[in-house]
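Student: Could you take me through the salt bridges of this protein, and tell me where their partners sit with respect to the surface?

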Amino acid sequence: MSTIVIVGSQWGDEGKGKITDFLGKDANIISRYQGGDNAGHTLDVDGKVYKLRLIPSGILYKDKVTVVGNGVVINPKTMIEELNSLKESGVDISNLKISDRAHVIFPYHIKEDQLQEEAKGDSKIGTTNRGIGPAYMDKASRIGIRIADMLNPEVFKNRLKETLDIKNKEFTDLYNSKPMNFDDIYHEYSQYADQIRNMVTDTSLLLNNAIDKNENILFEGAQGIMLDIDQGTYPYVTSSNPAAGVSIGAGVGPNKIDKVVGVVKAYTSRVGDGPFPTQLDDEIGDFIRENGHEYGTVTKRPRRVGWLDTVVLRHAFRVSGVTDIALNVLDVLTNLESLKICTSYELDGKEIDYYPATIDEIKRCKPIYKELPGWTEDITNIKDYNDLPENTKKYIETIEDLTGAKIATISVGPNRNQTILKNNVWKN
Ligand code: IMP
């Protein structure tokens, strides 16, 4: 048996959904452990495109159990919409399990997200406006409402009253905004509770029982390590722990994790605000953005793009224990005359090879690059690593050298089949 965690190694949108789907075929269970419907996975399965925000991509395999763990913040409205759309596409959703301990996102969280961003003005985070931060805030403040609470009408009524009173005071007194109506939220969410009731369980128990039975489990991280609230570019981060949140967010001990696969986009992209040392604001950046369709799945915002940054990758791999790399969207770089990989930074005249803690320092960092020749050959149909052009292999091997991790898979196109397997992570 194996337990494998998949984490995004940059600022999210590395193509984790595709690799979860690819590695998922050998898993018995696929589980999410943090984040919420701020994530956005686009999956291309045999020409059919699925867009998922909250449900793990494993749902597309009918023989797998799919878990939404306790560390996820759940917007039940999004979840039900997503389930209905999957059902309409003929996907069997009966194997979905939802943690009884996961926290619920309410309309007041979304309103709070928006008001907080407006209040921050120029220092706004550029959130997805899904109420993620406020939901985690309530969890930490111990005024959050969990799925199990929502399933019990009396408990739910009392908890919602208490919390909504606090929120409404905040809306009226602090933000000079309108209060929200208790009955509307209570009735809407009671209906959601009834629709998901049969799927709710103690998912930590389920996962640990499966581990005891030697099953293969794939944990699917959302966002990316540089958006981690502890290890990312704070405050321009999300409010959960993509990096090492798996134990907390799935309820499995750290000694139960065998491997961590870091998903790496062959270049770098970032949506939202915050510093980005290798950002390209020129025609090469435009080429990568258009070729890579770099527009947010959730927000449709154009993503900022730049060269691959191995200072970021080394930081990301260290803080989350990445053992293997899933290298994605390599085909997007085809036809660039030469490619650059950032190896270190220059900060105030000194060369550094680590990622500084403060935004102020990161803003002053100038990337130091290694330049490599590009390739023009079409790589989208290549199935074997050895058939890749020499310059492509050189690019890949430079990433291995600069990060110390081994490449497991290389993605050369959006389809399930366009994945070169270099190293089977389930087997070694
Ligand atoms: P929040 O998670 O909506 O609070 O947003 C906080 C930051 O994380 C913003 O910069 C978002 O753009 C970014 N973010 C959140 N989820 C994702 C994701 O799935 N991919 C990329 N960026 C994300």
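Tutor: Of the 428 residues in this predicted model, 58% count as buried, and that is a useful background for looking at the charged side chains, of which 52 are positive and 62 negative. A search of the whole structure finds 21 salt bridges, and a few of them can be followed in detail.

Let us begin with D100 and R101, whose closest N and O atoms are 3.2 Å apart. D100 has a relative accessible area of 18% and is therefore buried, since buried means under 20%, whereas R101, at 40%, counts as partly exposed.

The salt bridge between E162 and R159, with 3.9 Å between the closest N and O atoms, lies within helix α6 (residues 153-174), where the two residues are three apart and so are separated by about one helical turn. Here E162 is partly exposed at 47% relative accessible area, and R159 is also partly exposed, at 23%.

In the pair E400 and K422 the side chains meet at 3.7 Å, N to O. This pair links distant parts of the chain, as E400 belongs to helix α13 (residues 390-403) and K422 to the segment after β20 (419-421), 22 residues apart. E400 is buried, with a relative accessible area of 10%, while K422 is partly exposed, with 33%.

Finally, salt bridges may share partners, and in this way D13, K265, E294 and R303 are joined into one network.

Notes. Residues numbered from 1 in each chain as written. Predicted model: local features only at pLDDT ≥ 70, side-chain atom pairs only at ≥ 80, totals over all residues. Heavy atoms only, no water. Buried < 20%, exposed > 50% of the residue type's maximum accessible area, 1.4 Å probe, protein only. Lys, Arg positive; Asp, Glu negative; His and termini not counted. Charge placed at Lys NZ, Arg CZ, Asp CG, Glu CD. Salt bridge = Lys/Arg side-chain N within 4 Å of Asp/Glu carboxyl O. Helix = DSSP H or I, 4+ residues; strand = E, 2+ residues; numbered from the N terminus.
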